[in-house]
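Here is a quick walk through one protein chain, starting with a piece of packing and working out to the whole fold and back to a few odd backbone spots. Have the viewer open as you read.

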Amino acid sequence: MKLFSFWRSLATYRVRIALNLKGLVPDEVIDVNLMKGAQREAAFRAINPMMALPALVDGDGPALFESLSIIEYLDETHPNPPLLPRDAKGRARVRGLAQIVACDSHPLIVPRVREYLEHEFKLDEATRTKWCQHWHTAALSALEINLKDKATGRYCHGDTVTLADICLASQAAGAKFFNVDTAPFPNFTRIATSLAAIDAFARAHPLKQPGAPAAA
C-alpha cells in the first residue's frame, strides 16, 4: 500500500484518520509537496490526472483518488470498525455531513483555487484569505444547524465515530489554518474537541506529519 500525501493536505488528513482507525499502516508514504507544485509534475500526473491529493495504491491496479472514495474503499475492504451506519437514512445523513466539507467547502480553498485567484484575478493574499474564510464559515454554519438534529450524539451521528467525524476533523484543522473562529459553532466545536482526544485523529493531524512546521 502506497499513500501519496502532504502534511498540509486536509483531504489526505481524512484518509490518514481512516487508516489509523482501521489499524492500517501504508508500506510507503510518498510526499507530494503542494507548496512547490509537485502535484503538477509528470510523475504524479500519471498517478492522478486531477493533480490533487490524496492518492492510494493498494496492491495491483490503478491508484485510487478522492478522499471520500478512498475512505469508503477502506471501509469496504476492512469493515471494522465501520465508518458508516447500518441503516440507509443514517448512511445518507453521514455522507451528507461529510460532503458539506469534502464537496461543498474544501474544494473552494485548495491550492489550485488560491493560485488561480492570485494569477488570473490578481487577488492579494489578504483577499484570498478572506475568500477561504468565507467558504469555511459557510460550511461551519451548515454543519452547526445539521448537528442540532436529534441524530447527533457524542459525535456527528450517534456515539460512534463515522465518516462525518473524519470530515469534521479536517474542517476544524482547516479553520485553524485560515484563522476562522469556531466558537460561534458550539456543536461543531464540542465534537471537534472530542475527536482531537482520539489517538487515531491526533496521530493523523497535519501538524504531526513529516515536513510540518514545528509550531503553528
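## Packing around helix 8

In this predicted model, the buried residues of helix 8 pack against three other elements: helix 6 (125–146), helix 7 (163–177) and helix 9 (199–204). Which residues of helix 8 are buried? Helix 8 spans residues 186–196, and its buried residues are Phe 188, Ile 191, Ala 192 and Leu 195. They cover an arc of only 100° around the axis, which puts them on the same side of helix 8.

That pattern fits a general rule. An α-helix has 3.6 residues a turn, so residues three or four places apart point the same way.

## The chain as a whole

Now zoom out. The chain is built from nine helices and four strands. Reading from the N terminus, the order of elements is β-α-β-α-β-β-α-α-α-α-α-α-α.

How does the overall size look? For 216 residues, a compact globule would have a radius of gyration near 17 Å, and the chain has 17 Å, which agrees. If you want a box for the C-alpha atoms, roughly 45 × 45 × 30 Å along the principal axes will do. Of the 216 residues, 48% count as buried. As for contacts between residues at least 6 apart in sequence, 70% of them join residues at least 24 apart.

## Surface and charge

The accessible surface of the chain comes to about 11,100 Å², and carbon and sulfur atoms account for 55% of that. On the charge side, there are 25 positive and 23 negative side chains. The centres of those two sets lie 4 Å apart.

## Phe 4, Thr 12 and Arg 16

Three residues from the start of the chain are worth a click. Phe 4 lies in strand 1 (residues 2–5), and with a relative accessible area of 9% it is buried, the cut-off being under 20%. Leaving aside neighbours within four places in sequence, Phe 4 is in contact with Thr 12, Ile 30, Val 32, Phe 44, Ile 47, Leu 53, Pro 54, Ala 55 and Val 57. For a sense of distance, Phe 4 and Glu 118 are 114 residues apart in sequence and 26 Å apart in space, C-alpha to C-alpha.

Thr 12 sits in helix 1 (residues 10–22) and counts as buried at 0% relative accessibility. With residues up to four places away in sequence left out, the residues that Thr 12 touches are Leu 3, Phe 4, Ser 5, Phe 6, Leu 53 and Pro 54. Arg 16 is in helix 1 too, and is Arg 16 buried or exposed? Arg 16 is buried, with a relative accessible area of 7%. Under the sequence filter of up to four places, Arg 16 touches Leu 3, Ser 5, Phe 6 and Trp 7, plus Ala 204, His 205, Pro 206 and Gln 209. Arg 16 and Arg 40 are 24 residues apart along the chain, and their C-alpha atoms are separated by 22 Å.

## A partly exposed tyrosine

Tyr 116 is found in helix 5 (residues 111–121). Tyr 116 is partly exposed, with a relative accessible area of 46%. C-alpha to C-alpha, Tyr 116 and Lys 208 are 29 Å apart in space, with their positions 92 residues apart in sequence.

## Backbone oddities

Where are the cis peptide bonds? One joins Leu 53 and Pro 54, with omega about 0°. Pro 54, listed above as a contact of Phe 4 and of Thr 12, lies in the loop between helix 2 (42–45) and strand 3 (55–57). Another cis bond joins Asn 80 and Pro 81, with omega about -5°. Pro 81 belongs to the loop between helix 3 (67–77) and helix 4 (88–105).

Positive phi values turn up as well. Met 51 is not a glycine, yet has a positive phi of about 60°. Met 51 lies in the loop between helix 2 and strand 3 and counts as partly exposed at 25% relative accessibility. Glu 66, also a residue other than glycine, has a phi near 75°. Glu 66 is in the loop between strand 4 (64–65) and helix 3, and at 47% relative accessibility it counts as partly exposed.

Note on methods: Residues numbered from 1 in each chain as written. Predicted model: local features only at pLDDT ≥ 70, side-chain atom pairs only at ≥ 80, totals over all residues. Heavy atoms only, no water. Helix = DSSP H or I, 4+ residues; strand = E, 2+ residues; numbered from the N terminus. Rg over C-alpha atoms; globule rule 2.2 N^0.38 Å. Buried < 20%, exposed > 50% of the residue type's maximum accessible area, 1.4 Å probe, protein only. Contact = heavy atoms within 4.5 Å. Areas by Shrake-Rupley, 256 points an atom, 1.4 Å probe, with all protein chains shown as cover. Lys, Arg positive; Asp, Glu negative; His and termini not counted. Charge placed at Lys NZ, Arg CZ, Asp CG, Glu CD. Arc of directions from axis to C-beta.
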